[in-house]
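Where does a charged side chain sit when no partner of opposite charge is at hand, and what surrounds such a side chain? The paragraphs below begin with that matter and then move outward to the rest of the chain.

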Amino acid sequence: MKEITKSLETYLNTERNLMSCDLYRLVLLNGTEYRYADTDKDVTYNGKIYKHDSLIMTRKQIEQDSEVSVDSLTVDVYADSGDLVSSRPFIKSAHDGVLDRARLYLTRAFFDRNGVIIGTIDLFGGNVEVKKAGGIHVELEVKSDTQGLNMDFPIRKYYPRGQYVVSNDTIISSTATDKTTLVAPFIPLKEVLL
């Protein structure tokens, strides 16, 4: 269940014509943040400005399932050469891996008739994966933090029939005998292909 303020709850229950927009916050691995709004003017929220005249971001429906799966969100980004991320055009940043291990957060903001934000609802947040990139279009798939639970292999692997010794904090295995086993932590990095 999403938590909202009392004023936003009253607004949602009484107002017939809602004014709202999506706010996107892109956080790169190095901590640099970029903020975008899908409106026709900049939006200030929590003292931060969400730009309207930079990237054009549109999202598809958030996919949620009752089974054990990874919730995901697909975001289409349209950019030109003037839309920079890490001092490079957004498309080049996507190709160069700048968006690898970045996080994207989606918030829905609601406005009163004067254009003042009444409240927000945090809709989604997760890890960014570039699915397609070319021309002026980049398709991002944002996967929730539960993606680590959706692995085809266990976190710890069982290695049967291998003797091992420890030397200088390094495990050295030997297949000369099959009298011992080794249970070792196995946490692959995203960059490692299995």
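Asp83 is buried and yet takes part in no salt bridge, the nearest side chain of opposite charge being that of Lys51, which is 8.1 Å away. Because a salt bridge requires a side-chain nitrogen of Lys or Arg within 4 Å of a carboxyl oxygen of Asp or Glu, the separation of 8.1 Å between Asp83 and Lys51 does not qualify. The model in which this is seen is a predicted one. Along the chain, Asp83 belongs to the loop that runs between strand 6 (72-78) and strand 7 (84-85). A polar atom of the Asp83 side chain lies 3.0 Å from the backbone nitrogen of Asp80. Once the neighbours within four places in sequence are set aside, the residues in contact with Asp83 are Ser54, Leu55, Tyr78, Arg88, Pro89 and Phe90.

Two of these contact residues lead on to other features. Arg88, which is in contact with Asp83, forms a salt bridge with Asp96, and the closest N and O atoms of that pair are 3.0 Å apart. Arg88 counts as partly exposed at 31% relative accessibility, and Asp96 likewise counts as partly exposed, at 40%. Tyr78, also in contact with Asp83, joins Ile56 and Ile136 in a nonpolar patch on the surface, the three together having about 300 Å² of accessible area. Ile136 is located in the loop between strand 10 and strand 11, and with a relative accessible area of 55% this residue is classed as exposed, because the class begins over 50%.

The two strands that flank that loop are themselves joined by a pair of charged side chains. Glu141 forms a salt bridge with Lys131, with the closest N and O atoms 3.5 Å apart, and this pair links distant parts of the chain, since Glu141 is in strand 11 (residues 137-143) and Lys131 is in strand 10 (residues 117-134), 10 residues apart. Glu141 is buried, with a relative accessible area of 16%, whereas Lys131 is partly exposed, with a value of 45%.

How many salt bridges does the structure hold? There are 12 salt bridges in the structure, including the one in which the side chains of Arg35 and Glu33 meet at 2.6 Å, N to O. Arg35 is buried, with a relative accessible area of 16%, while Glu33 is partly exposed at 31%. Elsewhere, Asp22, Arg59 and Arg108 are linked in a network of salt bridges.

Tyr45 offers another way into the fold. This residue lies in strand 3 (residues 43-45) and counts as partly exposed at 23% relative accessibility. Not counting residues up to four places away in sequence, Tyr45 touches Leu23, Tyr50, Ile117 and Thr120. Tyr45 and Thr120 are 75 residues apart along the chain, yet their C-alpha atoms are separated by 9.3 Å.

The chain as a whole can now be described. Two helices and 15 strands make up its assigned elements, and of its 194 residues 31% count as buried. Among contacts between residues at least 6 apart in sequence, 50% join residues at least 24 apart. The accessible surface of the chain comes to about 13000 Å², and 49% of that surface belongs to carbon and sulfur atoms.

How values were computed:
Residues numbered from 1 in each chain as written. Predicted model: local features only at pLDDT ≥ 70, side-chain atom pairs only at ≥ 80, totals over all residues. Heavy atoms only, no water. Helix = DSSP H or I, 4+ residues; strand = E, 2+ residues; numbered from the N terminus. Buried < 20%, exposed > 50% of the residue type's maximum accessible area, 1.4 Å probe, protein only. Lys, Arg positive; Asp, Glu negative; His and termini not counted. Polar contact = N/O pair within 3.5 Å; in protein donor to acceptor, adjacent residues only side chain to side chain. Contact = heavy atoms within 4.5 Å. Patch = residues over 30% accessible without salt bridge, like charges linked within 9 Å, V, L, I, M, F, W, Y side chains within 5 Å. Areas by Shrake-Rupley, 256 points an atom, 1.4 Å probe, with all protein chains shown as cover.
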